[in-house]
Amino acid sequence: MQQNLVRNKIQSQIQHMVNSAIILNRRFLDDEQLIRSEQMAVLEEVFNANVRDAEIKELSSHFAGILRGDHPCHIAIWGKTGTGKTLTLCYFLNLLAEMCSQQNIPIRHVHLDLSNPRPCFRALNDLACLLNASKKYQKGISLEEMMLRIENKLADYEGYLLLFIDEIDNVRRDMDNFMRFLVRRLPQRIPAKLILILVSNRLDWPEMLDARVKSFLKINELIFKPYDAVDLKHILRIRIEKALTENSIAPGVIEKIAALASQQHGDARKAVGLLAQSAYLAEKNGSKTITLETVDQAAAQLDMDRYISLLRSAPAHLKAAMASIIHALKTTNTSCLATGQAYEAYLSFCGKIKLRPLSNRAFADIIAELDIYSLIRTRIISKGRYGRTREILLDMPESMIDRINEMLIDTLIR
Ligand SMILES: Nc1ncnc2c1ncn2[C@@H]1O[C@H](COP(=O)(O)OP(=O)(O)O)[C@@H](O)[C@H]1O
Ligand SMILES: [Mg+2]
């Protein structure tokens with residue numbers, strides 16, 4: 001009898017979940033799972049809605065010379081993460097190559113993806129692999145040898161060679177060697193018409209370069225602006241069409257996600273992430289629509305995940321400072337602390353967990369860091385003739401504070 005009850009309960013739960021499913025195709029909610037051709041298809045629809053028009057126009061005018069037999073110069077492209085640099089360029093270069101081959105113009109393009117940091121040797125090794133000049137993970141040969149292999153492989157190619165170096169600031173050792181090779185040495189040693197496409201998420205990247213390399217880079221610059229709310233609405237609408245059942249979105253939801261994302265970062269990947277989180281939540285709650293409240297909940301959850309993972313990998317003193325602030329606020333039952341009180345709490349907390357405390361000065365730096373990450377908020381209060389003091393507040397929901405606290409205690413005491 002008991003057994004039957006459980007069976008029925010589980011069966012009806014499963015059936016309920018099936019009935020209230022709103023996600024048809026999960027993969028369109030997670031960029032990591034989309035294959036390139038699907039990404040390109042999504043992108044094409046978005047481009048048709050005039051998103052990234054200005055950038056594509058600039059690219060067209062930069063590279064049009066190829067179809068006239070000219071040799072366009074190198075190009076540097078900057079923009080924050082999630083602004084579509086990688087996808088737009090892959091799309092554009094494929095199209096350009098297609099047009100060239102229709103007119104019998106010899107062209108090759110390779111995409112060296114450096115989104116994971118690596119030293120110069122590994123980056124050149126990867127480039128050599130893309131050019132079929134080397135096998136994966138070559139060991140025991142010198143940097144010079146690797147460069148020679150690349151040059152030898154290209155000795156007979158006289159057409160256009162477009163090297164798309166993505167996230168170039170991630171070359172971690174010998175950046176100058178890497179750049180000198182690409183910018184000065186390679187063009188002199190191979191007959192191809194070389195065009196470098198240097199893409200970075202950091203605007204200050206060229207500052208890191210050797211002055212001589214900088215002067216050699218006769219570079220055209222193109223900046224990818226963060227997506228605005230209108231762009232993001234287009235991007236989201238196409239994802240919704242592909243991923244969710246019809247009518248699963250309450251009025252205003254797309255606008256809300258687009259507004260949140262464009263105010264905070266203009267990152268398409270994160271906007272799609274918020275949509276995905278909202279859809280998962282709605283399904284879990286057994287609801288057939290994503291409402292404005294679902295979006296709020298999803299945003300809070302993503303914030304929480306971000307805080308937790310940020311703190312988890314933080315240095316012990318940062319964790320200890322955060323934990324002691326939470327503890328002090330809870331025990332005094334007030335909404336804010338003076339920095340002196342916070343330091344006292346930190347000293348006693350360090351004593352408890354056997355951590356050698358930092359000086360008051362270094363503690364102030366940690367407070368500033370917590371503030372930058374928006375884990376705490378600080379404000380200056382004037383105390384008349386007693387001068388000014390800084391106050392610390394926790395500006396987040398109680399449930400989030402509790403989860404952060406649990407994680408901190410867990411990782412500090414273990
Ligand atoms: N115009 C767009 N249309 C649809 N999705 C986009 C668009 N731009 C970016 N995305 C999504 O956002 C993610 C980030 O794009 P990506 O080109 O990798 O940005 P970046 O290289 O600037 O960091 C991609 O996975 C893509 O699916
Ligand atoms: Mg990229």
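What follows is a walk through the domains, the ligand surroundings and the nonpolar cores of one predicted model. Local features here need pLDDT of at least 70, side-chain atom pairs count only at pLDDT 80 or more, and totals for chains, interfaces and linings use all residues. Residues are numbered from 1 along each chain as its sequence is written, while chains are lettered from A and ligands numbered from 1 in the order in which they are written.

The protein chain splits into domain 1 (19-31 + 228-310), domain 2 (52-223) and domain 3 (314-413), with bounds from an automatic or database domain assignment. Domains 1 and 3 have C-alpha centres 33 Å apart. Their contact (C-beta atoms, placed from the backbone, within 7 Å) takes five residues from domain 1 and eight from domain 3.

Now for ligand 1. It sits between domain 1 and domain 2, because both give residues to its shell. Of the 18 residues around it (C-beta atom, placed from the backbone, within 6 Å), Asp31, Gly84, Lys85, Thr86 and Ala268 come nearest. Helix α2 gives the most, with four residues; helices are DSSP runs of H or I, at least four residues, and strands runs of E, at least two, numbered from the N terminus.

As for the inside, the largest nonpolar core has 38 residues, and Leu162, Ile165, Phe178 and Ile197 have the most contacts within it. Such a core is a set of buried Ala, Val, Leu, Ile, Met, Phe, Trp, Tyr and Cys residues joined through C-beta atoms within 7 Å, where buried means 20 or more other C-beta atoms within 10 Å of a residue's own, C-beta atoms being placed from the backbone. A second, separate core of 30 residues includes Val51, Tyr227, Ala258 and Ala279.

Conventions. Contact = placed C-beta atoms within 7 Å. Buried ≥ 20, exposed ≤ 12 C-beta atoms within 10 Å, placed from the backbone.
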